[in-house]
Amino acid sequence: MKPLSFKRHRFPADMIRHAVWLYFRFNLSLRDVEELLAQRGVDVSYETVRCWTKKFGPLIAKRLKTRRPAPSPRWHLDEMVCWIGGRRMYLWRAVDDEGEVLDLVVQRRRDTEAALKLLRRLLRRQPVEPEKITTDGLASYGAALRELALTHVHRPGRLRENNRVENSHLPIRRRERQQQGFKSQASAQRFLTTHAAIYNTFHVQRHLISRPTLRRFRADADAAWAEATA
């Protein structure tokens with residue numbers, strides 16, 4: 001894979017990498033990133049930061065995905081309502097039983113066709129076959145899985161049994177409030193796909209691990225970021 005090119009950019013590559021990391025890693029607005037960079041003596045506008053995130057974010061996310069280990073074959077699927085450009089839409093998401101975001105797609109409908117689109121993307125892009133697919137009681141999942149001949153791995157359950165994916169919606173809700181909603185379906189898909197890849201790389205369940213393990217995980221994440229942004 002070719003290295004990222006920062007040619008014809010006035011600011012140093014390290015500064016651009018850091019700005020992109022700040023924006024996607026933390027619940028910050030573009031103006032927040034502008035102010036943090038100003039504290040380091042870098043005079044850059046938030047619109048410039050926006051251009052950096054739009055240009056380099058998807059490229060870095062693609063590189064990070066190729067470096068992730070294979071996910072668990074036990075998947076959790078769910079959909080959440082989001083308002084995009086004043087219209088009611090649905091964010092369909094899938095995570096494994098470790099909380100790794102497998103895929104997501106923003107769609108206008110909450111029906112069988114929408115469920116099929118998510119499932120086909122998963123089956124096409126994931127390196128493992130599902131052993132168990134847990135969903136809520138939405139009938140569209142059952143219809144889609146019947147069409148794909150996957151009813152033998154379907155586990156329609158109550159809300160508590162799908163807490164893994166329900167809890168994974170929380171970072172998205174925080175970003176949605178921070179950005180005062182998404183402006184278009186395309187921009188929402190682009191941002192959320194990039195955010196998911198960076199979230200997978202850096203997120204750890206801190207309450208379940210020791211401090212030395214946390215330091216090791218952080219070092220591994222930093223190394224993956226450095227390699228993906230080289």
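This report describes the overall fold, the domain arrangement and the salt bridges of one chain.

The structure is a predicted model. Nine helices and five strands make up the secondary structure of the chain. From the N terminus onward, these elements follow the order α-α-α-β-β-β-α-β-α-β-α-α-α-α. The radius of gyration is 19 Å, close to the 17 Å that the globule rule gives for 230 residues, so the chain is as compact as a globular protein of that length. Along the principal axes, the C-alpha atoms occupy a box of roughly 55 × 45 × 35 Å.

**Domain arrangement**

The domain assignment divides the chain into domain 1, residues 1-67, and domain 2, residues 74-202. Between the C-alpha centres of domain 1 and domain 2 there is a separation of 27 Å. Domain 1 brings 15 residues to the contact, and domain 2 brings 13 residues.

**The surface between the domains**

The size of an interface is often expressed as the accessible area that is lost when the parts come together. Here, the area buried between domain 1 and domain 2 is about 1300 Å². Carbon and sulfur atoms give 62% of that area. On the domain 1 side, Phe24, Asn27 and Leu64 supply 41% of the area buried against domain 2, more than any other three residues.

Specific interactions across this boundary were also counted. Five residue pairs, with both members at pLDDT 80 or more, are in polar contact between domain 1 and domain 2, whereas the count of salt bridges between these domains is zero.

Helices α1 (13-25) and α3 (46-66) each supply at least two residues of the side of domain 1 that touches domain 2. The largest share of this side comes from α3, with six residues. The composition of the same side of domain 1 by residue class is given below.

| Class, side of domain 1 that touches domain 2 | Number |
|---|---|
| Nonpolar | eight residues |
| Polar | three residues |
| Charged | four residues |

Nonpolar residues thus number eight on this side, beside four charged residues.

**Salt bridges**

The count of salt bridges comes to 11. One pairing joins the side chains of Asp103 and Arg121, with an N to O distance of 3.0 Å. Asp103 lies in strand β3 (residues 101-107) and Arg121 in helix α4 (residues 112-125), so that this salt bridge links distant parts of the chain, 18 residues apart.

Methods. Residues numbered from 1 in each chain as written. Predicted model: local features only at pLDDT ≥ 70, side-chain atom pairs only at ≥ 80, totals over all residues. Heavy atoms only, no water. Domains from an automatic or database assignment. Contact = heavy atoms within 4.5 Å. Buried area = accessible area lost by both parts, 1.4 Å probe. Salt bridge = Lys/Arg side-chain N within 4 Å of Asp/Glu carboxyl O. Polar contact = N/O pair within 3.5 Å; in protein donor to acceptor, adjacent residues only side chain to side chain. Helix = DSSP H or I, 4+ residues; strand = E, 2+ residues; numbered from the N terminus. Nonpolar A, V, L, I, M, F, W, Y, C, P; charged D, E, K, R; others polar. Rg over C-alpha atoms; globule rule 2.2 N^0.38 Å.
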